Amino acid sequence: MAKKIGYIKIVNESELQSADPLMTNFLHSCDLIFKEDISQTRANISEREDMISRLIKDDVVVIKNLLSATTGLKDLLEFIQSVHNKGAYIYSLEDSWINS
(Lines give C-alpha, C1' and ligand atoms only; values in the text may rest on other atoms or scores of the structure.)
Protein backbone atom coordinates (compact mmCIF):
# COMPACT_ATOMS: atom_id res chain seq x y z
CA MET A 1 0.00 0.00 0.00
CA ALA A 2 1.34 3.40 -0.98
CA LYS A 3 2.56 5.70 1.78
CA LYS A 4 3.09 9.41 2.32
CA ILE A 5 6.76 9.72 3.27
CA GLY A 6 8.32 12.89 4.61
CA TYR A 7 11.95 13.87 4.06
CA ILE A 8 13.45 16.81 5.91
CA LYS A 9 16.97 18.08 6.47
CA ILE A 10 17.57 19.69 9.85
CA VAL A 11 20.55 21.32 11.52
CA ASN A 12 19.53 19.97 14.93
CA GLU A 13 16.45 18.59 16.70
CA SER A 14 15.55 22.01 18.17
CA GLU A 15 14.85 23.19 14.63
CA LEU A 16 11.83 20.87 14.57
CA GLN A 17 10.47 22.43 17.76
CA SER A 18 10.38 25.89 16.17
CA ALA A 19 9.06 24.76 12.79
CA ASP A 20 6.48 26.90 11.03
CA PRO A 21 2.84 25.71 10.96
CA LEU A 22 3.16 24.49 7.37
CA MET A 23 6.04 22.24 8.35
CA THR A 24 4.27 21.03 11.49
CA ASN A 25 1.19 19.99 9.48
CA PHE A 26 3.49 18.34 6.94
CA LEU A 27 5.17 16.25 9.61
CA HIS A 28 1.88 15.14 11.15
CA SER A 29 0.39 14.13 7.81
CA CYS A 30 3.15 11.66 6.85
CA ASP A 31 3.06 7.92 7.46
CA LEU A 32 6.85 7.82 7.80
CA ILE A 33 9.46 10.57 8.23
CA PHE A 34 13.15 10.50 7.37
CA LYS A 35 15.15 13.26 9.10
CA GLU A 36 18.62 14.06 7.81
CA ASP A 37 20.57 15.77 10.61
CA ILE A 38 23.23 17.67 8.70
CA SER A 39 25.12 18.51 11.90
CA GLN A 40 26.03 14.83 12.29
CA THR A 41 27.75 12.55 9.83
CA ARG A 42 26.92 8.92 9.34
CA ALA A 43 29.58 6.56 8.14
CA ASN A 44 27.04 4.39 6.35
CA ILE A 45 23.90 5.14 4.33
CA SER A 46 22.23 8.57 4.46
CA GLU A 47 18.61 8.97 5.49
CA ARG A 48 17.70 10.04 1.96
CA GLU A 49 19.31 6.94 0.44
CA ASP A 50 17.54 4.81 3.05
CA MET A 51 14.21 6.47 2.21
CA ILE A 52 14.68 5.95 -1.54
CA SER A 53 15.59 2.29 -1.02
CA ARG A 54 12.28 1.75 0.81
CA LEU A 55 10.04 3.45 -1.75
CA ILE A 56 7.43 1.41 -3.54
CA LYS A 57 5.18 2.19 -6.48
CA ASP A 58 2.79 5.10 -5.87
CA ASP A 59 4.46 6.29 -2.64
CA VAL A 60 4.57 10.07 -2.30
CA VAL A 61 7.72 11.76 -0.99
CA VAL A 62 6.77 15.03 0.70
CA ILE A 63 9.43 17.73 1.03
CA LYS A 64 9.32 21.34 2.18
CA ASN A 65 11.11 22.59 -0.93
CA LEU A 66 13.65 21.43 -3.46
CA LEU A 67 16.49 23.50 -2.01
CA SER A 68 16.11 21.90 1.40
CA ALA A 69 16.05 18.37 -0.03
CA THR A 70 19.07 18.64 -2.33
CA THR A 71 22.50 20.24 -2.49
CA GLY A 72 22.59 21.47 -6.08
CA LEU A 73 21.26 20.96 -9.60
CA LYS A 74 22.96 17.61 -10.20
CA ASP A 75 21.80 16.32 -6.81
CA LEU A 76 18.27 17.59 -7.52
CA LEU A 77 18.09 15.78 -10.86
CA GLU A 78 19.45 12.57 -9.33
CA PHE A 79 16.93 12.82 -6.46
CA ILE A 80 13.98 13.27 -8.84
CA GLN A 81 15.19 10.43 -11.07
CA SER A 82 15.73 8.07 -8.12
CA VAL A 83 12.22 8.68 -6.78
CA HIS A 84 10.60 8.31 -10.19
CA ASN A 85 12.61 5.14 -10.95
CA LYS A 86 10.88 3.55 -7.95
CA GLY A 87 7.45 4.51 -9.36
CA ALA A 88 6.97 7.08 -6.60
CA TYR A 89 6.09 10.76 -6.73
CA ILE A 90 7.42 13.99 -5.24
CA TYR A 91 5.23 16.58 -3.56
CA SER A 92 6.84 19.87 -2.53
CA LEU A 93 5.02 22.17 -0.12
CA GLU A 94 6.66 25.28 -1.60
CA ASP A 95 7.56 24.29 -5.18
CA SER A 96 4.22 23.30 -6.70
CA TRP A 97 5.63 23.07 -10.25
CA ILE A 98 7.50 19.86 -9.31
CA ASN A 99 4.49 18.04 -7.90
CA SER A 100 3.98 14.94 -9.97
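Strands S3 and S4 run parallel and are joined by four bridges. One of the pairings sets Val60 against Tyr89 in S4. This is a predicted model, and the pairing of S3 with S4 is a good place to enter it.

From S3, step to the other neighbour. S1 pairs with S3, again in the parallel sense, over three bridges. Here Gly6 has Val62 of S3 as its bridge partner. Strand S1 covers residues 4-10, and six bridges join it to S2. These two strands also run parallel. Tyr7 stands opposite Phe34 in S2.

Put the pairs together and the sheet appears. Its four strands follow the order S2-S1-S3-S4. The sheet is open, and the pairing is parallel. Which strands stand at the edges? They are S2, residues 32-37, and S4, residues 89-92. Each has a single partner strand, so one side of each is left without a neighbour in the sheet. From one strand to the next, the twist averages 25°. As for what holds such an arrangement together, strands of a sheet pair through backbone hydrogen bonds.

Now turn to the helices on the sheet. Helix H2, residues 21-29, lies across S1, S2 and S3. Strand S3 spans residues 60-63. The direction of H2 is at about 135° to S1. Helix H5 also packs on the sheet, where it touches S3 and S4. Its direction makes about 130° with that of S4.

H5 has a helical partner too. The axes of H3, residues 47-54, and H5, residues 73-85, come within 10 Å. They cross at roughly 25°. Angles under 35 degrees count as roughly parallel, and H3 and H5 are therefore roughly parallel to each other. Which residues make the contact? H3 supplies Arg48, Met51 and Ile52. H5 supplies Asp75, Phe79, Ser82 and Val83. By type, the contact residues divide into four nonpolar, one polar and two charged.

Stay with H3 for a last detail. Asp50 sits in this helix. Is Asp50 buried or exposed? Its relative accessibility is 16%. Buried means under 20%, so Asp50 counts as buried. The side chain of Asp50 makes a polar contact of 3.1 Å with the side chain of Arg54.

The route ends here. It led from the parallel pairing of S3 and S4, through the open sheet of four strands, to the contact between H3 and H5.

Key. Residues numbered from 1 in each chain as written. Predicted model: local features only at pLDDT ≥ 70, side-chain atom pairs only at ≥ 80, totals over all residues. Heavy atoms only, no water. Axes fitted to C-alpha atoms, helices over the stretch in contact; angles between N-to-C directions. Parallel < 35°, antiparallel > 145°, perpendicular 65-115°, else oblique. Contact = heavy atoms within 4.5 Å. Nonpolar A, V, L, I, M, F, W, Y, C, P; charged D, E, K, R; others polar. Pairing = 2+ DSSP bridges. Buried < 20%, exposed > 50% of the residue type's maximum accessible area, 1.4 Å probe, protein only. Polar contact = N/O pair within 3.5 Å; in protein donor to acceptor, adjacent residues only side chain to side chain.
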